[in-house]
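Trainee: I'd like to go through this one label by label. Can we set each term against its rule as we go?

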Amino acid sequence: MADSRKDPVVVIGLGRFGTALSLELAERGTEVLAIDHRPKVVQALSGRLTHIATADSTDIDALRELGVGEFYRGVVAIGGDLEASILTTSLLVELGVDNIWAKAVTHQHKRILERIGAHHIVLPEHDMGERVAHLVSGRMLDYVEVDDDFALVKTHPPKDIEGVPLGETRLRSRHGVTVVCVKSPGEQFTYATADTVLQYSDVILVAGPIAKVESFADRT
């Protein structure tokens, strides 16, 4: 099976988000075509990105000339100009790009992008603010929302499950969460099993519905 991470990606819009994304993808070995309508921005990044072009992404002929329709994955990273964001996304749909990611700046913007055919919507400022709020307000070491009502949390184990094999704690039935991985001091993360015995100094990854993992983390 082909490694989808190596499939070329077209990134349209080179603000902070689009630039960081393009550079990170390139660093990971993914071929990137980066597009922006501002010549100065393109020139500034030309030495760091192999494939970069100045073009009006709201012009379907310009996108065709760059071969955008041949890409399996495309990212519309335009945030400030909502009209350009929406039109560019619709043109990627028209060109047949199979997997479209789009940046939204508001929930209304997100709904519009979903309606016109974007497959994945990113709300960078909202998502980061929500993640930091979880970390600041609770006892989590890290927090990743993986779906609308499911999260993965990095935390310490609560005292009432220390020294007890996980299989005997009945965490899933009692708290609705699952300990996925554990990391002891000086060790690497490893998968948790029914025989795993936790200590407070351990770091664990816990998966479950958002409200349940939040409640579980607050007990540590």
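Mentor: Sure, and pairing comes up at once: two strands pair if DSSP finds at least two bridges between them. Helices (H or I, at least four residues) and strands (E, at least two) are DSSP runs, numbered from the N terminus. Keep in mind that this is a predicted model, where local features need pLDDT of at least 70, side-chain atom pairs count only at pLDDT 80 or more, and totals for chains, interfaces and linings use all residues. Residues are numbered from 1 along each chain as its sequence is written, and side-chain values use heavy atoms, leaving out hydrogens and water.

Trainee: What makes β1 and β4 a pair?

Mentor: The rule asks for at least two bridges, and 4 bridges join β1 (residues 9-12) to β4 (residues 73-76). The two strands run parallel, and one of the bridges links V9 to R73.

Trainee: Which sheet do they belong to, and in what order do its strands come?

Mentor: An open one of 6 strands, ordered β3-β2-β1-β4-β5-β6, with parallel pairing. At the edges you'll find β3 (51-54) and β6 (120-122), each paired on one side only. Neighbouring strands are turned by 15° against each other on average, direction ignored; the axes behind such angles are lines fitted to C-alpha atoms, for helices over the stretch in contact, and the angles run from 0 to 180 degrees between N-to-C directions.

Trainee: How do you know that α1 lies across this sheet?

Mentor: By contact, meaning heavy atoms within 4.5 Å. Helix α1 (residues 16-27) lies across β1, β2 (32-36), β4, β5 (99-103) and β6, and runs at about 160° to β1.

Trainee: What makes a group of residues a nonpolar core?

Mentor: The members must be buried Ala, Val, Leu, Ile, Met, Phe, Trp, Tyr or Cys residues joined through side-chain atoms within 4.5 Å. Buried is under 20% relative accessible area, exposed is over 50%, and partly exposed is in between, with a 1.4 Å probe and protein chains only. The largest core here has 23 residues, and V10, I12, I35, L63, V68 and L92 touch the most other members. Two or more residues come from each of β1, β2, α3 (60-65), α4 (82-94) and β5. A second, separate core has 18 residues, including V182, L198, I204 and V213.

Trainee: Which residues does L92 touch?

Mentor: Leaving aside residues up to four places away in sequence, L92 touches I12, L63, V68, G74, V76, V97 and I100.

Trainee: Why is R170 called exposed, but G129 partly exposed?

Mentor: R170 has a relative accessible area of 51%, so it is exposed, the cut-off being over 50%. G129, in helix α6 (residues 124-137), has 41%, so it is partly exposed. R170 sits in the loop between α7 (166-169) and α8 (171-175), and has a positive phi of about 50° although it is not a glycine. Most residues other than glycine have a negative phi.

Trainee: What makes K159 count as a charge over the ring of Y200?

Mentor: The test wants NZ of Lys or CZ of Arg within 6 Å of the ring centre and within 35 degrees of the ring normal. K159 lies over the face of Y200, at 5.2 Å from the ring centre, which fits the distance limit of 6 Å.

Trainee: Which strands stand at the edges of the antiparallel sheet, and why are they called edges?

Mentor: That open sheet has 5 strands in the order β7-β8-β11-β9-β10. β7 and β10 each have a single partner strand, so one side of each is left without a neighbour in the sheet. A hairpin joins β7 to β8 through 2 residues, and 5 bridges join β7 (residues 142-147) to β8 (residues 150-155). At the other edge, β9 and β10 (residues 190-191) pair over 2 bridges, which meets the requirement of at least two.

Trainee: How do you know that β11 is largely enclosed?

Mentor: 6 of the 6 residues of β11 are buried, so the rest of the structure largely encloses that strand. V203, L205 and A207 point one way, and I204, V206 and G208 the other. Strand β11 pairs with β8 over 5 bridges, and with β9 (residues 178-183) over 5 bridges. V182 stands opposite I204 there.
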